[in-house]
Amino acid sequence: MATWTFLTNHTIVLFFLAKHPLITGRELSTLIGITERSARNIISDLESEGYIKRSKEGRQVKYKTYQHLPLRHETQKDKAIRILLEALDPEQIRKGAKKRKASSKVVL
């Protein structure tokens, strides 16, 4: 009998993409314990809903997460996914946000 967990595979994939934007589908599937096909399907779901965006960086794919978007459940639509990601790894997610803010500053 399979055991249940509090976090869905979609949440775990989103978390790893936010924490490791250059992770491969194969690495992701190995870490999470799902098939590579399942990992790629979840990535596709997240991208089609606008939670992530893929871009090429050399020969690698880089993932950008849009942490200001709301959670999907009706009772949680007033909360951004950033809250969940920060709860799972507060220091790492905040570091990424600081880097994004610093790199978005315009220097004259």
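In this predicted model, the helix that gives the most to the lining of the second largest pocket is H1, with 3 residues. Helix H4 also takes part, since H1 and H4 each supply at least two residues of that lining. The pocket itself has a volume of about 280 Å³, and of the 14 residues that line it, Thr8, His10, Thr11, Leu71 and Leu84 are the closest to its centre. When sorted by class, the lining comprises 9 nonpolar residues, 4 polar residues and 1 charged residue.

The two helices named for this pocket also pack against one another. Two packed helices are described by the angle between their axes and the distance between the axes. For H1, which covers residues 9–19, and H4, which covers residues 81–88, the angle is about 80° and the axes are 11 Å apart. Because angles of 65 to 115 degrees count as roughly perpendicular, H1 and H4 are described as roughly perpendicular to each other. On the side of H1 the contact is made by Thr11, Leu14, Phe15 and Ala18, and on the side of H4 by Ile81, Leu84, Leu85 and Leu88. Of these contact residues, 7 are nonpolar and 1 is polar, while no charged residue is included. Thr11 and Leu84 belong to this contact and are also among the residues closest to the centre of the second largest pocket.

H1 packs in addition against helix H2 (residues 25–32), at an angle of about 125° and with the axes 11 Å apart. H1 and H2 are therefore oblique to each other, and their crossing is right-handed. The residues of H1 that make this contact are Asn9, Ile12, Val13, Phe16 and Leu17, and those of H2 are Leu28, Leu31 and Ile32. By class, the contact of H1 with H2 consists of 7 nonpolar residues and 1 polar residue, with no charged residues.

H2 is in turn packed against helix H3 (residues 36–48), where the axes come within 8 Å and cross at roughly 110°. This pair, H2 and H3, is therefore roughly perpendicular. Gly25, Arg26, Leu28 and Ser29 of H2 make the contact together with Glu36, Ala39, Arg40 and Ile43 of H3. The residues of the contact of H2 with H3 divide into 3 nonpolar, 2 polar and 3 charged, whereas the contact of H1 with H2 has no charged residues. Leu28 of H2 appears in the contact with H1 and again in the contact with H3.

Technical notes
Residues numbered from 1 in each chain as written. Predicted model: local features only at pLDDT ≥ 70, side-chain atom pairs only at ≥ 80, totals over all residues. Heavy atoms only, no water. Axes fitted to C-alpha atoms, helices over the stretch in contact; angles between N-to-C directions. Helix = DSSP H or I, 4+ residues; strand = E, 2+ residues; numbered from the N terminus. Parallel < 35°, antiparallel > 145°, perpendicular 65-115°, else oblique. Contact = heavy atoms within 4.5 Å. Nonpolar A, V, L, I, M, F, W, Y, C, P; charged D, E, K, R; others polar. Left-handed = near helix turned anticlockwise from the far one by under 90°. 1 Å grid on protein atoms, 1.4 Å probe; cavity = no way out; pocket = protein on both sides within 12 Å on 5 of 7 lines; lining within 4 Å. Points joined across faces, edges and corners; volume = space filled by probe spheres on them.
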